[in-house]
Amino acid sequence: MANDGPVEHGYPHLETVRAAITALYKRLSYDTVRTFVTSVLPVDVAFCDTDDLYLGAQRVAHELVRHYRLPDARLVVSFREMRHAASVELAAGPEYFVELNDRFRTHRRDIGAALAHEVMHVYLHRLDLSFPGVRDNEILTDTAATYLGAGWLLLDAYREDGASSQKLGYLTPEEFGYVLAKRALLFGEDPSVWFTSAQAYTAYVKGMELARRDGEQPPLTAAGWAGRRRYARDRRHAPAGPPQPGVRYAFSPDGGGRLRVSFPCPTCHQRIRLPVRGRVRARCALCRSVLECDT
C-alpha cells in the first residue's frame, strides 16, 4: 500500500500480468471465465461513514465471496496496525480470517478494494493456482481480481496529488487499467463510469491504449502499415536469426522445412503457431478468439 509515498507508474510487470491472464484461462477454462461477465457493482460494496464498521466490512466481504462464487467460504474481518493494506490466513477453510489496516477505519470507501484482493487470495488458494515468489504471486492475485470483475475497486482506490497519494495492490495504476481494458474489450463493459478517482480514469485510458495495441500487432490484419512492413521484412530473412527486439512474433521451420510464425493471442496471450501462407483465419484453442491473420 502506497500511503503518501511514491507511486510507481508504467508497465514494469507487464509480462507477468500477461502470463497471469493465460494462467487464468488454463486453470478456469473459457466457459468459467465467461461466467464473470458482470462486475461487482458499486451499490453492492458501498460503505458510508454511518455504517457499523465491522458489520459493514462483513457485508462487503460476503458480497465479494458471492461474486467469486465461494458460497461455502466465511470471512472474519478485523482491523489492526500493519504495514500492508491487508492480509488473509489461507487455512483449509471454510472460515478465513482477514485483517485490514487500521487506516480503513477512517477510509471506509476503500474497504471493498482491500477485500477484493484478499478474497481473491482465497479463490486462487482453492484453485491451487499460484506463481513462484511472493511478488509474482501478488501480481497474479491483482490480475485475477481485476480480470474477473472486482479489480476496478483497486484502481479506484488510487488517488494522487501534490500533497498526498494512495494506491492499493501490486500493479501500477496503468497495469490495473490495462487488465481492466482487456476485460472491457472481452465483455463489452465500461468500468470507467464507476470511478470516483480522476487519476484512476486517466490510468484506465492509458491501459486501454496498450490493450488495443495488442490486437494491432502483426500478423493480425489489424496491424498498421509500419508493423506490416516490418513483418514482411522479418519474414524475408526468417529464420536466419533470433526475433528482433520490440516484436512479439517469431519464425521457425516446421518438421517439413516450411516456415511457421508464432505470436501471442491478443485476448489470452497464449502463443499461436500458424503456417506462413498468406491470409488465414485462426481460432485460439484456449480462449476461442477468432483472429484474422495475414502470415
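**View 1. The crossing of helices H7 and H8 is right-handed.** This close-up is taken from a predicted model. Helix H7 spans residues 173-187 and helix H8 spans residues 198-214; the two pack at an angle of about 55°, and their axes lie 7 Å apart. H7 and H8 are therefore oblique to each other. On the H7 side, the residues that meet H8 are Pro173, Glu174, Gly177, Tyr178, Leu180, Ala181, Lys182, Ala184 and Leu185. On the H8 side, the partners are Ala203, Tyr204, Lys206, Gly207, Met208, Leu210, Ala211, Arg212 and Asp214. Sorted by class, the contact of H7 with H8 comprises eleven nonpolar, two polar and five charged residues.

**View 2. A network of salt bridges links Glu15, Arg18, Lys182 and Asp214.** Two members of this network, Lys182 in H7 and Asp214 in H8, are also listed among the residues at which these helices meet. Within the network, the side chains of glutamate 15 and arginine 18 form a salt bridge with an N to O distance of 3.1 Å. Both residues belong to helix H1 (residues 14-28), and because they are three residues apart there, about one helical turn separates them. Glutamate 15 is exposed, at a relative accessible area of 52%, whereas arginine 18 is buried, at 6%. In total, the structure holds 18 salt bridges.

**View 3. Arginine 233 and aspartate 234 are joined by a salt bridge.** The closest N and O atoms of this pair are 3.6 Å apart. Arginine 233 is partly exposed, with a relative accessibility of 38%. Aspartate 234, by contrast, is buried, with a relative accessibility of 11%.

**View 4. Arginine 260 and aspartate 254 meet through their side chains in a salt bridge.** The N to O distance is 3.5 Å. Arginine 260 has a relative accessible area of 25% and is partly exposed; aspartate 254, with 16%, is buried. Arginine 260 is also one of the residues in contact with leucine 274, the subject of View 6.

**View 5. Tyrosine 68 occupies the loop between helix H3 (53-67) and strand S2 (74-80).** Although placed in a loop, tyrosine 68 is buried, and its relative accessible area is 0%. When neighbours within four places in sequence are left aside, its contacts are Phe36, Ala116, Val119, Met120, Tyr123, Ala145 and Ala150. One of these contacts, methionine 120, is 52 residues away from tyrosine 68 along the chain, and the C-alpha atoms of the two residues are separated by 7.6 Å.

**View 6. Leucine 274 is part of strand S9 (residues 271-275).** The residue is buried, with a relative accessible area of 10%. Apart from neighbours within four places in sequence, leucine 274 is in contact with Arg260, Val261, Phe263, Val280, Ala282, Cys293 and Thr295. Among these, Arg260 is the arginine that forms the salt bridge with aspartate 254. Leucine 274 and valine 43 are 231 residues apart in sequence, and their C-alpha atoms are 46 Å apart in space.

Terms used. Residues numbered from 1 in each chain as written. Predicted model: local features only at pLDDT ≥ 70, side-chain atom pairs only at ≥ 80, totals over all residues. Heavy atoms only, no water. Axes fitted to C-alpha atoms, helices over the stretch in contact; angles between N-to-C directions. Helix = DSSP H or I, 4+ residues; strand = E, 2+ residues; numbered from the N terminus. Parallel < 35°, antiparallel > 145°, perpendicular 65-115°, else oblique. Left-handed = near helix turned anticlockwise from the far one by under 90°. Contact = heavy atoms within 4.5 Å. Nonpolar A, V, L, I, M, F, W, Y, C, P; charged D, E, K, R; others polar. Salt bridge = Lys/Arg side-chain N within 4 Å of Asp/Glu carboxyl O. Buried < 20%, exposed > 50% of the residue type's maximum accessible area, 1.4 Å probe, protein only.
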